[in-house]
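Work through the exercises below with the model open beside you. Try each task before you read its solution.

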Amino acid sequence: MSYDAETLTMAWHAAQELHDGEVVFVGIGAPGLAAMIARRSHAPDITMIFESGVIGADPDKPPLSTGSPSVARGAAMIGTMLDVFATLQQGRIDVGMLSGAEIDRRGNLNSTAIGAYDNPAVRLPGSGGAHDIAMLARRTVLLMPHEPKRFVEKVGYITSPGHPASGVRAVRPGSGAGPAALVTPRALFRFDDGEMTLAATAHGVTAGEAVAGISWDVRRRHRLDVLPPLPDKNHSIFDFVNDGASA
């Protein structure tokens, strides 16, 4: 499997949100790619957990599914889904990496349906473990391609809850604090007062380009940081990408 420059850049930005020693609940695709990049660069001691039941994974290639053989490579433990979701419920997961088809200004993710739930224009895969991760991981990092149609003022269906509406008291039955960051290929957003706020731009990207096409006036911090540039694709941290994907 090959990855385009935008996907690699988004994963690189998300990787910067992971700290060495953290326990990270990852999924397939860009979230998993971000964790693998972090492990091969600045966070070699993160513990990667896949919902298939693998704890302490060290895939040598980007897996195609949570059941791919590479997920089990070097694992500290191969258990069950019950094991890893029990760990999540115990509050032992530092970070959950999530994505979806749509996101709104409060960080709610929709991966269930576009349009009316009973008669949608597009029926999506649904939650999987995403809802649990959103509620129970200590914080979540969201990844989203810069495609304006994915950014909506209010998602039609909340699959993975973000922050409550302004002025609404937070009632989170889970232990998690909600989205801490949203990364795109162009920018990093924080959730100041629970609302998506531009905090940093990608190297060579202007603030206007970072929010281009988004349907609402996105908040911006007074001072914007610049994210570290993506290393050359031939850098050794990308060897696992260049080698191709696992079956």
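On a 1 Å grid over the protein atoms alone, a cavity is a set of points where a 1.4 Å probe fits but cannot get out. A pocket is an open set with protein on both sides within 12 Å along at least five of seven lines. Lining residues have an atom within 4 Å of a point. Grid points are joined across faces, edges and corners, and a volume is the space filled by probe spheres set on the points.

The model is predicted: local features need pLDDT of at least 70, side-chain atom pairs count only at pLDDT 80 or more, and totals for chains, interfaces and linings use all residues. Residues are numbered from 1 along each chain as its sequence is written, and side-chain values use heavy atoms, with hydrogens and water left out.

**Exercise 1. The cavity**

Find the volume of the largest cavity and name its lining residues.

Step 1. Search the whole structure: one cavity of 30 Å³ or more turns up.
Step 2. Read its volume: the largest cavity holds about 30 Å³.
Step 3. List the lining: Tyr-3, Gly-27, Ile-28, Gly-29, Gly-32, Leu-33, Pro-62 and Pro-63.
Step 4. Sort by class. Ala, Val, Leu, Ile, Met, Phe, Trp, Tyr, Cys and Pro count as nonpolar; Asp, Glu, Lys and Arg as charged; the others, Gly among them, as polar. The lining of the largest cavity then has five nonpolar, three polar and no charged residues.

**Exercise 2. The pocket**

Describe the largest pocket and say which elements supply its lining.

Step 1. Take the volume: the largest pocket contains about 640 Å³ of space.
Step 2. Go to the centre. Of the 27 lining residues, Gly-27, Ile-28, Pro-31, Ser-99 and Gly-100 are the closest to it.
Step 3. Look at the elements. Helices (H or I, at least four residues) and strands (E, at least two) are DSSP runs, numbered from the N terminus. At least two lining residues come from each of α1, β1, α2, β5 (95-98) and α4.
Step 4. Count the classes: 15 nonpolar, eleven polar and one charged.

**Exercise 3. Two enclosed helices**

Why are α1 and α2 described as largely enclosed?

Step 1. Fix the terms. Buried means under 20% relative accessible area, exposed over 50%, and partly exposed in between (1.4 Å probe, protein chains only).
Step 2. Take α1. Eight of its eleven residues are buried, so the rest of the structure largely encloses α1. Among them are Trp-12, His-13 and Ala-14.
Step 3. Zoom in on Ala-14. Its relative accessibility is 0%, so Ala-14 counts as buried. Contact means heavy atoms within 4.5 Å. Beyond residues up to four places away in sequence, Ala-14 touches Ala-34, Met-97, Val-141, Leu-143 and Val-183.
Step 4. Take α2 (residues 30-39). Nine of its ten residues are buried, so α2 too is largely enclosed by the rest of the structure. The buried residues include Ala-30, Pro-31 and Gly-32.

**Exercise 4. The two sides of α3**

Which residues of α3 are buried, and which are exposed?

Step 1. Find the buried set in α3 (residues 81-89): Val-84, Phe-85, Thr-87 and Leu-88.
Step 2. Place them. They cover an arc of only 150 degrees around the axis, so they sit on the same side of α3. The arc is that of the directions from the helix axis to the C-beta atoms.
Step 3. Turn to the other side, where Leu-82 and Gln-89 are exposed.
Step 4. See what the buried residues pack against: β1 (23-26), β2 (47-50), β3 (54-57) and α4 (130-136).
Step 5. Check what follows: just after α3, Gly-91 takes a positive phi of about 75 degrees.

**Exercise 5. Three single residues**

Are Glu-195, Thr-184 and Asp-132 buried or partly exposed?

Step 1. Glu-195 is in strand β13 (residues 195-201). At 9% relative accessibility, Glu-195 counts as buried. Its contacts, leaving aside neighbours within four places in sequence, are Arg-105, Arg-106, Arg-190 and Arg-219.
Step 2. Thr-184 sits in the loop between β11 (179-183) and β12 (187-192). Its 0% relative accessibility makes Thr-184 buried.
Step 3. Asp-132 belongs to helix α4. At 28% relative accessibility, Asp-132 counts as partly exposed. Not counting residues up to four places away in sequence, Asp-132 touches Phe-85, Leu-88 and Ala-137.
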